[in-house]
Amino acid sequence: MLKITIVSTLLFLSNVTLAQKKVRYDLFVRDTIVNYAGKEKHAYAVNGQIPMPELHFNEGDTAEIYVHNELNTETSIHWHGLILPNEQDGVPYLTTAPIKAHSTHLYYFPIVQNGTYWYHSHTKLQEQIGMYGAFIIHKREEQKIAEYTMILSDWTNMKPFEVHRRLHSANDWSAIKKAETQKGAVQSYSDAIADGSLNIKLKNEWKRMLAMDVSDVYYDKFLTNGKEEDAAPQFKAGDKVRLRIINGSSSTYFWLKYAGGKIEVVASDGIDVEPVVVDRMIIAVAEIYDVIVTIPSDSASFEFLATSEDRIKSTSLWLGSGIKQLASPLKPLKYFEGMSMMNDMIKMDGNLDDMGMNMSLQQMDMNVVMYPEITGAKEDIKNNSSNADNRYNSNALSDIVTLNYSMLKSPVKTTLPNAPTQVLNFELTGNMNRYVWSINNKTVSETDKILIKKGENIRIILYNNSMMRHPMHLHGHFFRVVNGQGDYSPLKNVLDIMPMETDTIEFAATESGDWFFHCHILYHMMSGMGRIFSYENSPPNTQLPDAKKALQKLYKDDREFHFMFQNDFATNGNDGELMFMNTRWNFQAEWRLGYHDMHGYEVETHFGRYIGKMQWLFPYVGIDYRYRKMDMNEVEKNIFNQTNTKDKRQTICIGIQYTLPMLIVADARLDSDGEFRLQFMREDIPLSKRFRMNLMYNSDYEYMASLKYILTNKFSLSTHYDSDMGFGGGFTFSY
Amino acid sequence: MKSLLNILISAPVLLFTMACNASMKNSKSVSVKISGNCEMCEQTIETAANVKDEVSLDWNKDNKIAIVSYDSTKTNTNEILKRVALAGYDNEKFLAPDDAYQKLAACCKYERSTKKATQEPGDAQTNNIETKQDSVKQTVEVNQLILVSNYYFDLKNALIKANTASAAEKAKDLSQALSSVKMEKLQDAQHIVWMKVYKSLIAASESITKSKNVEAQRAQFITLSENMYGLMKVAQLETPVYYQNCPMYNDGKGANWLSLENNVKNPYYGSQMLTCGKTIETIK
């Protein structure tokens, strides 16, 4: 009898192991050199390839993935969209131990779902240069249909670190690069005049906005499966092909359209939806859509076109074989229409005003005013008589059907269990000029974790009060997007939210541990746009023995200081500044160094903190040192009739800077000698694509005007007139 | 003597070509076939292709052959021919997007031979539907009701845009399509409905053709839509058709129409109240 029990137990056990197939992958992360855009650049390759290899599993398998880090720096892998134990999630220092240089880490977790997902590095900016790949889980009994994976990405020849640093110093080199392909991208005064829209540009600056950007970064190339153009000639006429489209880019949204007809959307973020047929769709950063397209014929290959949201460049997949049938490209954006729209929407205090339109779920797309195919070429617009409610509704304005979230419907009920609900209000906040991104005006490191209880439901009401769209991603859970489909609301793990939209998402708290919720635009995440959900009474995480210390490492990301330096080497002296700044703090130094005593030498330093959501207010303390030899008996006085000490001054000062309309910085300060100074300054006035002007005047009767012609991202020709040093010309070096 | 003459004639020509090429570095020449009709085509094609000091293209409208000279360090034939196709002209490497071709002037709408061979994507879909139907009927025959419904939807779209002229034209197409339906080829169920509605369908579409303003057309469209609804229920279309209702039109009596899309675009009010209404039935 005992024997039988043992035998049957053994049999049972072996059955279990058979059903749970273990699937092993070995990933070797190495440094590599690639040439995507004319220059050899550093990147990361896994098993010698970019993107990382496509991993395949069946639902019910157990994943056993060894990551061999052969880099000299640490790395990590996050399994995007997967439901797995907390310590397998792969956010270094939050859920998982970082994979140290030259070490191996094992990820081991059961596969409990199916669909299209992806995986990427969650360490620093590694994702930008190669660390992204497809993660495909097949259903146990899957209907056999031709399929192809399309993983999109963006490539820049600039080092990601440089990209990030420059974003924080409001450098507009990226707009100049864009203007090479698309006129008017700099949105300079001369572009505005040429467009007959100078009033719009001035009103824009009156409301303290820099040039509007649809995307932040200039990319040299957009890639499909690591190539500028990919081809899948194996498909034949009449084939229905399931395209698994993953947006693995760091900060690019893509418009998708197909030259062979309509696009049938069948899944979103890995989860099936009721099929919906559209002409085109936008895919947010980190979003995933499975679509079905039909190959119309055997004698041509049909373009599946992915165009960056700023419409500067595109990448294609050719389906089928033969002569290439092009999809018509998206026409350039009407920038000044967009600017005019922003003027209407932005209040003087910098907050956005949706004018009572209750925008949500991508239905009202303010950007349609910039899309010629929806709102017509510039000259036709005035004849457009559609009513106010439909002004931004793309599907009502044209015959082109564009996917939006209200059209997604789950085939099964997705209602949450009956449980108490915790409601959270997240206002997405940002400051374009200083590239600060946050939630409720607080970055990840500036807030505590949000405590949640297992068993309760969490509802998040998101309002985007910033001027850019954000793809918000939740780790380890799917949320329902409350979109008017009732019990059949779709499940997603990335939600794209446009400026001024309010969206509601909700999920059941069923896990344990700490889970990240963040904007998936890499540079926004690294600037601190996120929150951590933490389950109460979670067991300690064995991978992070000192959780407190580890968390400080995570916080370091958004506390990072960025360095900026500029010097004008001119005939009459050196003129420059440097800044060392982070989310709130800024250390500034400015200098004017003449070549002889009559011109003088001066250095002014400030250290201060930006106050308020818009960061227009900047109180500071500083040191002012200057020396200038004056003529005998010469006495200088300021407007307030105080004697000036420009000849020799070593003082400590306190002051306050405030950004006025037209982006003029007013600077009032008082020094330890009792002298008061008021100064007005406007920097980088965009006269034309490459000409910039600076103006300054202060109550010491000092003034300065300078003109700069930008040659490259580091060098400019410059000329200036300064009340102390006179006229000079030279070149400016910026870092 | 004759050969000498030849040389004399060709020498300046040769010189001229060389001079032409001299302005371009690393020049490479190829000949390619580009579809097109007339002189206007020639101008459009060449403007699309040419870039100063980089590409010079000369297209011959008689034999449709273009001689392309280009700086091979700066560009390639793929880039050049893609620009030509985007301007609306099929060539050996690329087929123009349909909307680019549609935008060409009437005289430039060349016969799309390459394109024909590949079929319009739209055709392919219709064909699929046909094959579905065939399996039922065992004969290779177009579903006549699909053709009728297509003209109806065109008419509806013209009314949404309040375009009287276009609506009249589409209504004319519709009445022609209705008149040419071979009723002996309809299935029994279809035949029964057809007998009930075809007279008033033709009458309504003819009076839309004759109407001089959009309001009169829309009034006729009510009857037309009601009869079409009966027909669509038996038409066995592959794609769902949405039966939609606007409660306000016709002095609050309401009016219905059919659409291929679930989102409402009201043909009775157009842009005045484009999204007024709702779907009351989905015909599958």
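**Entry 1: a sheet in chain A**

I began with strand E21 (residues 421–431) of chain A, which pairs with E22(A) in the antiparallel sense over 4 bridges. Strands here, like helices, are DSSP runs numbered from the N terminus, with at least two residues (E) for a strand and at least four (H or I) for a helix. Two strands count as paired if DSSP finds at least two bridges between them. Within this pair I found A:Thr429 opposite A:Ser438 in E22(A).

I then followed the sheet outward. It is open and has 6 strands, in the order E22-E21-E24-E29-E26-E27 (chain A), with mixed pairing. E22 and E27 of chain A are the edge strands; each has a single partner strand, so one side of each has no neighbour in the sheet.

**Entry 2: conventions and confidence**

I noted that this is a predicted model, in which local features need pLDDT of at least 70 and side-chain atom pairs count only at pLDDT 80 or more, while totals for chains, interfaces and linings use all residues; side-chain values use heavy atoms, without hydrogens and water. Residues are numbered from 1 along each chain as its sequence is written, and chains are lettered from A and ligands numbered from 1 in the order in which they are written.

I looked up pLDDT, the predictor's confidence in each residue on a scale from 0 to 100. Chain A has a mean of 86, and 90% of its residues reach 70 or more. Among the elements of chain A, strand E5 (residues 78–80) has the highest mean pLDDT, 97, and helix H1 (residues 2–19) the lowest, 46. For residues 4–18 of chain A the pLDDT is below 50, and this stretch has 0 contacts beyond near neighbours in sequence. A contact is a pair of heavy atoms within 4.5 Å. The pLDDT is also below 50 over residues 378–388 of chain A, but that stretch has 13 contacts beyond near neighbours in sequence.

**Entry 3: chain A totals**

I recorded 10 helices and 43 strands for chain A. Of its 735 residues, 59% are buried. Buried means under 20% relative accessible area, exposed over 50%, and partly exposed in between (1.4 Å probe, protein chains only). Of the contacts in chain A with a separation of 6 or more, 68% are between residues 24 or more positions apart.

The accessible surface of chain A is about 29000 Å², and carbon and sulfur atoms hold 58% of that. Areas come from the Shrake-Rupley method with a 1.4 Å probe, and for residues only the protein chains shown count as cover.

**Entry 4: salt bridges**

How many salt bridges does the structure hold over all chains? I found 45. The criterion is a side-chain nitrogen of Lys or Arg within 4 Å of a carboxyl oxygen of Asp or Glu.

I looked at A:Glu229 and A:Lys324, whose side chains meet at 3.9 Å, N to O, in a salt bridge. A:Glu229 is in strand E11 (residues 229–232) and A:Lys324 in strand E20 (residues 323–325) of chain A, so the pair ties together parts 95 residues apart in sequence. A:Glu229 is partly exposed at 35% relative accessible area, and A:Lys324 is partly exposed at 24%.

The next salt bridge I checked joins A:Glu287 and A:Lys492 at 2.8 Å, N to O. A:Glu287 sits in the loop between strand E16 (280–283) and strand E17 (288–294) of chain A, and A:Lys492 in strand E27 (residues 491–492) of chain A, so parts 205 residues apart in sequence are tied together. Both A:Glu287 and A:Lys492 are buried.

For A:Lys449 and A:Asp514, the closest N and O atoms of the salt bridge are 2.5 Å apart. This pair links distant parts of the chain, 65 residues apart: A:Lys449 is in the loop between strand E22 (436–439) and strand E23 (450–452), and A:Asp514 is in strand E30 (residues 514–519), in chain A. A:Lys449 is partly exposed at 30%, whereas A:Asp514 is buried at 11%.

**Entry 5: cysteines and a serine in chain B**

I looked for disulfides, meaning pairs of cysteine sulfur atoms within 2.5 Å, and the structure holds 0 over all chains. B:Cys38 is in no disulfide; its nearest cysteine sulfur, that of B:Cys41, is 3.7 Å away. B:Cys38 is buried at 17% relative accessible area.

Why is B:Cys41 without a bond to B:Cys108? The sulfur of B:Cys41 is 3.4 Å from that of B:Cys108, the closest cysteine sulfur, which is too far for a bond. B:Cys41 is buried at 0% relative accessibility.

Last, I checked B:Ser149, which is in helix H7 (residues 144–160) of chain B. B:Ser149 is buried at 2% relative accessible area. Leaving out residues up to four places away in sequence, B:Ser149 touches B:Met228, B:Met232 and B:Leu237.
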